[in-house]
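Trainee: I'd like a close look at one helix in this model, and then whatever else helps place it. Could you walk me through it?

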Amino acid sequence: MIDFPKSELALNRRQLLGAGSAFTLAFFLPGKAAEAAGASSAVNSWLSIGADDSITLTIGSSDMGQGASAGLAQVLCEDLMVEPARIQLKQGAPTLASPAPLGTAINTVGSGVTRNNYWRMRDAGAIARETLVTAAMARLGDGNRANYQVSNGVILHSPSGQRLSYGQLAADAALLVPPSSAPLVPDSQFKYIGKPCARPDIPLKVDGSAIYGLDVRVPGMVYAVIKHCPSFGGTLAALPATPAGALALVPTKVWAGTGRGAEVVGNTNALAVVGVTTWDAWQAAKRLSPSWTLPASTAALNSSQFMADAQRLMSSATPYVAGAANPPGTLYTVERSSADANAGLAGAAKLLEASYSLPYVAHACMEVLNCTVDYVAGQRCEIWAPTQSAKSALALVCAITGLSADKVVFHTTYLGGGLGRKAELDFISQALQVALVLQKPVKLMWPREEDFAHDQYRPMALVRVRAGLDANGYISAWSYRNVSPSILGQRGVPLGASGDSQGYEASQALPYAFGARLTEWVSHPSTIPVGFWRSVGASINTFAVESMLDEVAAALGQDPYQFRRARLSDPRWIAVLEAAANAAGWGNAPPAGRARGIAVGTAFNTVVAQVVEVANNNGQPRITRVWVAVDAYLTVNPGSVEAQIVGGVVHAINATLYGRQTFANGAAQVKNFNASRMIRLGEMPEVKVLIMPPPANADRSRPIGGVGELGVPTFAPALANAWFRLTGARVRSLPFNPNATMGG
């Protein structure tokens, strides 16, 4: 759907004509029904064509390395009929308008930037092109559209041979009302979509000119580092004296909208230590030993208690009651077949049961949390932040400063990794609070230890799977129960009868031929803050589902690939599974001393399968090769897709082998990379990515898949399954090596 709000277009024409003749197309990127309903003021991306032939696309989503903005420009080029190199990308600033005028209502989460905007960009390119052609027709006095061809932003009038560039027509086009729709380039004539395309952000990142949050410098600014209460839920007992070398100490509280779990809104849970330089502030913070008041429940915030609670709830959770409060500990039914799964299990010829556990895992973005604020009381606030949630961040700025949005200038910088962590606003609220006290520009950053110890982690989980087999090996009953803390619940989201979708995603609506099935999720009461971590619930549930299927195949003495293949009927799943298996040469024996495992799953409308080859390195897995097949329905830039998948595999390797955060008395135990092993460059396996071919003619009614997070979910089960084939040992608790450090 494309909508051109008249009031916005008229305003832009006045602005742009006054500024010197440009055509700006404000096009609507409706992501929600509410936006569509409010179309009268709903524009959120801008395409501007200047009289100098410049073409600028303004996008509100954030760039954290995924290249999605460049991909959208590539899509736009197809129907605008210009080469991608001509597009200048501009980062949009958020506003509080609802819907937002500059694309900033878009949270950069859920692998959603491309999949949510593909068709909108195509329509926008086509409509802009036809508006410019209409301007050419008027200027040349020939209203026969068939007499005009477009090539790289130049309109050729065939009868006369005259050529007019988009820039020459921009002023004329600005006076026209764009059509509501325009013909799209047929898929068979694509020049750019589906082909590798250079990303304009890469040279900036190579030569160091790209501006990340940590790069921001403001004249006269000071630096602050954050120091939290070591235990979640603790509050400042008394304000200590400013340590030597520091300019100031500023207590910060948990602001509304940023509280999670034990971090209660209003609690003063941290101190910002301010210095002339980052080093000064950092050293002063190390010398500071403030007193904290801990809640009585702190002693129960430890990893052994969390697992004990999960085990208790696995068998004794309280069923959901419609209309009731349904506190943590509630059992939610995600899906239930008409046939009774428990009865099926009781009557099965063979019953298999296994439990899988996964720990809390930190995001550990390479760029630590940071935010820069230049605030003048009652007058203005300028802010720079590497955020995935610019509009929410702007609302927070207004709430904390009391300024109206027109007095706030918000800059979304490049993100040195986001992984879901930078969708949170706690670090932004802290920087603002410090700026209000200091009345001067300040950059606030979290030391690495604070980043690890005060994350909003991927939730821990305990999963029990039961599979009942009949005499022919058919899975006649399947029962799945996940016990894990609720991401949405900690944000105050009321949970319906099926609970938190983030908790059970990728465990429901499985495409396998099962008999009776029952899928349940139980909200765990732990108050350790949890958040969105790359691939969210799919990273948890795909491990349990695909490990259990492997166990069933092994119990039946069947090949794990053939076992899955025989129980799938969805052609898309079958094609992806086969592609990964064929690429890995599944039917052939691996090299001596190695074994392969396979897994398949889905997230964000994409189906993905992985085959992992592993060797035994003194009792620990050494990953030698990985094959990934991915079907997102459409692919814009295969180079970016491959990069995202490989990056996801690296992320998954680290989490599967080493990722774990533990707690004692509410305090995180792993506080830096030295205690959180990552693979070294020499340990990186060869990764082969296969992108399933797109349809000959895409159907816009079909969902497009995301890819940014899809390298993660199937890696852990594929590795565990490979390890079982190699050693006979089944790994049901992640990570493989929880005590590894960078020293070994």
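Mentor: Let's fix one term before we start: a residue is buried when its relative accessible area is under 20%. Keep in mind, too, that this is a predicted model.

The part to zoom in on is helix H15, residues 536–556. Of its 21 residues, 18 are buried, so the rest of the structure largely encloses H15. How does its length check out? At 1.5 Å a residue, H15 should span 30 Å, and its end C-alpha atoms sit 32 Å apart, which agrees. Right after H15 comes Gly-557, with a positive phi near 70°.

For a second case, go to helix H5, residues 166–173. Here 6 of the 8 residues are buried, so H5 is also largely enclosed by the rest of the structure. The buried ones are Tyr-166, Gly-167, Leu-169, Ala-170, Ala-171 and Ala-173. When you look at such a list, remember that an α-helix has 3.6 residues a turn, so residues three or four places apart point the same way.

Burial turns up in a loop as well. Thr-258 sits between strand S10 (248–253) and strand S11 (268–275), and with a relative accessible area of 6% it is buried. Its side chain reaches the backbone oxygen of Trp-255 at 2.6 Å. Leaving aside residues up to four places away in sequence, Thr-258 touches Leu-425, Asp-426, Ser-429 and Gln-456. As for the wider stretch, an unreviewed UniProt entry lists residues 207–295 as "domain: Aldehyde oxidase/xanthine dehydrogenase a/b hammerhead". Over residues 207–295 the chain is 12% helix and 28% strand, with the end C-alpha atoms 49 Å apart.

Last stop, the cysteines. How many disulfides does a search of the whole structure find? The count is 0. Cys-77 is in none, and the nearest cysteine sulfur, that of Cys-197, is 7.3 Å away; a disulfide would need the two sulfurs within 2.5 Å. Cys-77 is at 0% relative accessibility, so it counts as buried. Why is Cys-365 not bonded to Cys-371? Because the sulfur of Cys-371, although the closest cysteine sulfur to that of Cys-365, is 15 Å away, too far for a bond. Cys-365 counts as buried too, at 3% relative accessibility.

How values were computed: Residues numbered from 1 in each chain as written. Predicted model: local features only at pLDDT ≥ 70, side-chain atom pairs only at ≥ 80, totals over all residues. Heavy atoms only, no water. Buried < 20%, exposed > 50% of the residue type's maximum accessible area, 1.4 Å probe, protein only. Helix = DSSP H or I, 4+ residues; strand = E, 2+ residues; numbered from the N terminus. Expected span 1.5 Å × (residues − 1). UniProt positions renumbered as here; feature names shortened; annotations may be inferred. Polar contact = N/O pair within 3.5 Å; in protein donor to acceptor, adjacent residues only side chain to side chain. Contact = heavy atoms within 4.5 Å.
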